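Student: I should like to learn how to read the features of a protein model. May we go through one together?

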Amino acid sequence: MVHLGRVMTDKDISSAKVVNDIDSDDLGVPGDDDFTTSVYGSRFASTDLPRHEMPEDEMPREVAYRMIKDDLTLDGTPTLNLASFVTTYMEEEAEKLMVEAFSKNFIDYEEYPVSADIQNRCVSMIARLFNIPAHDENTNAMGTSTIGSSEAIMLGTLAMKKRWQNKRKAEGKDASRPNIVMNSAVQVCWEKAARYFDVEEKYVYCDEGRHVIDPVQAVDLVDENTIGICSILGTTYTGEYEDTKAINDLLVERNIDCPIHVDAASGGFVAPFVNPNLVWDFRLEKVVSINVSGHKYGLVYPGVGWVVWRDPEFLPKELIFNINYLGADQASFTLNFSRGASQVIGQYYQLIRLGKKGYRSIMLNLTRTADYLALSVQKMGFLLLSQTRGKGLPLVAFRLDPKYHHKFDEFAIAHHLRERGWVVPAYTMAPHANTLKMMRVVVREDFSRSRCDALIADIKLAYDAMKKMDATELAQNKERMRTHAARKPKHSMNAYAKDETHSLQGKHGKTHAVC
Ligand SMILES: *Cc1c(COP(=O)(O)O)cnc(C)c1O
């Protein structure tokens, strides 16, 4: 093998005589050049891709590209993944801008001041969309871009915790046992935030009929150690909006000094357009911070979220770092340092390209499609668990009607749909309502009416097929599902943490991470 003390070019490689694992002479095949035939004629095509040990040698780029691309074809198709809220379509112009910014590190404010400024413009637009109280035209709202709502929620939690600690210390009181009040149907990142930052979780549990937080129970749980209440604008289970106004009004009425953080991960870019009269945001005096995922209904590819604070008062100064990197000072409050600038640029593109009118048209279309799907599954005999007519997120959560006493469950139907390529998750509802199983379809921008019709036809086929199965076939079907589940990829952390029972969601057997 030639070794020239530099990275070899493809030409070096293809002119090098590489010894084959299989000696082609033994096979009576003339020639042993790996690279002159085709990607699939190379020796790489007849061996498994390296898994555990970094290979000693290089491989040609077209081989690496083709082999990895082929490997990835067994992943699902993002557009058929109806489990996820995360954006799977952007316009070419947006993609172009994002690709062009791949090499920019967002944190290098000095080097890329325009990218930093674009973030600030987005923060202002989003804060105003959420009706931030009027402040000086020339000052930016307090807020930052993040990797997603999870990071945004961690920052929101940290700010509430720090502010509570400062208040307690100023009063000469114990500040060692903070707690946070939330619905047991919170997204898993709230459990993470609480555990990572040592805040006790105080849950308001759902029941069979109520899948959102009960405002009275929530406010009753507040004590002197409560750093805040989380209220969700669009729960991940049923897409319902929690009644933030009721929580706010109770806090005001009882004169309780406790802030609300609204988790508007999904609803933040839906409600303002579809349901502008719903009062859930900074119009409520107790709402101090709000997060939203740019990569959900903000319509940007994954890795962007936002968090905004009502007023600097709610963001303790000691959490903010002045990054003096390569000369420029810019305040920073994030968990990560380096990150790409593309997502922030993609968000700015969507905000100014679509404007309020564009977002409104898209969100209204999604709502109409969701309503159409909701009506269709109801006609098939399913029970609807989500809202319609824009009263919740554009998603359809539904379940089998117990009155039919079916011998199969929602997981079996989800499995059937999976074989047709659709990813429609089935899961059990949050604790205390966990005998309730359901399926959920998230309607995203690229889920057109015709694709919706195709899904409806497949749900009907799956449901009818299950209904026709006798006991033996149902048992076989169950066994197939079980062996399929056993084929899931293994990660060393899975085995390591398999007895971990802290996670509410982990304990309740969702088939797919609900995100
Ligand atoms: C998706 C979601 C999150 C987590 O957001 P990411 O952007 O995926 O980190 C948190 N809360 C709710 C309600 C969500 O829907």
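Tutor: Let us begin with residue classes. Ala, Val, Leu, Ile, Met, Phe, Trp, Tyr, Cys and Pro count as nonpolar, Asp, Glu, Lys and Arg as charged, and the others, Gly among them, as polar. Please keep in mind that this model is predicted.

Student: How many residues of each class does the shell around the ligand have?

Tutor: The shell has five nonpolar, nine polar and two charged residues. Of the 16 residues around the ligand, Ser149, Ser150, Asp263, His295 and Lys296 come nearest.

Student: Which helix gives the most to the shell around the ligand?

Tutor: Helix H6, residues 149–170, gives the most, with three residues.

Student: How should I read a polar contact, and which side chains offer a polar atom to the ligand?

Tutor: A polar contact is a pair of N or O atoms within 3.5 Å. In the side chain of Ser293, an N or O atom is 2.8 Å from an oxygen atom of the ligand. His295 has a polar side-chain atom 2.7 Å from a ligand oxygen, and for the side chain of Lys296 the distance from an N or O atom to an oxygen atom of the ligand is 2.7 Å. The ligand taken alone exposes 380 Å², and the protein buries 93% of that.

Student: Let us turn to the strands. In what way do strands of a sheet pair?

Tutor: Strands of a sheet pair through backbone hydrogen bonds, either parallel or antiparallel. Here, strand S4 (residues 226–232) pairs with strand S2 (residues 179–183) in the parallel sense over three bridges. In that pairing, Ile180 has Gly228 of S4 as its bridge partner. S4 also pairs with strand S5 (residues 260–263), again in the parallel sense, over four bridges. Ser231 stands opposite Val262 in S5.

Student: Is S4 largely enclosed or open to the outside, and why?

Tutor: A residue is called buried when its relative accessible area is under 20%. Seven of the seven residues of S4 are buried, so the strand is largely enclosed by the rest of the structure. S2 is mostly covered, with five of its five residues buried.

Student: Which residues of S2 point one way, and which the other?

Tutor: Asn179, Val181 and Asn183 point one way, while Ile180 and Met182 point the other way; all are buried. S2 pairs in the parallel sense with strand S3 (residues 200–204) over five bridges, and Met182 stands opposite Tyr203 in S3. From S2 the chain crosses through helix H7 (residues 188–196) to S3 in a right-handed β-α-β crossover.

Student: Which helix makes a β-α-β unit with S4 and S5?

Tutor: Helix H9, residues 244–253, makes a right-handed β-α-β unit with these two strands.

Student: Where can I find antiparallel pairing?

Tutor: An open sheet of four strands, in the order S10-S11-S13-S12, has antiparallel pairing. Its edge strands are S10 (383–384) and S12 (426–428), each of which pairs on one side only. S12 and strand S13 (residues 437–442) run antiparallel and are joined by three bridges. The bridge partner of Tyr427 in S13 is Met438.

Student: What is the relative accessible area of Glu479?

Tutor: Glu479, in helix H14 (residues 471–486), has a relative accessible area of 38% and is partly exposed. The side chains of Glu479 and Arg482 are joined by a polar contact of 2.9 Å.

Terms used:
Residues numbered from 1 in each chain as written. Predicted model: local features only at pLDDT ≥ 70, side-chain atom pairs only at ≥ 80, totals over all residues. Heavy atoms only, no water. Near = heavy atom within 4 Å. Polar contact = N/O pair within 3.5 Å; in protein donor to acceptor, adjacent residues only side chain to side chain. Areas by Shrake-Rupley, 256 points an atom, 1.4 Å probe, with all protein chains shown as cover. Buried < 20%, exposed > 50% of the residue type's maximum accessible area, 1.4 Å probe, protein only. Pairing = 2+ DSSP bridges. Right-handed = clockwise from strand over helix to strand, strands pointing away.
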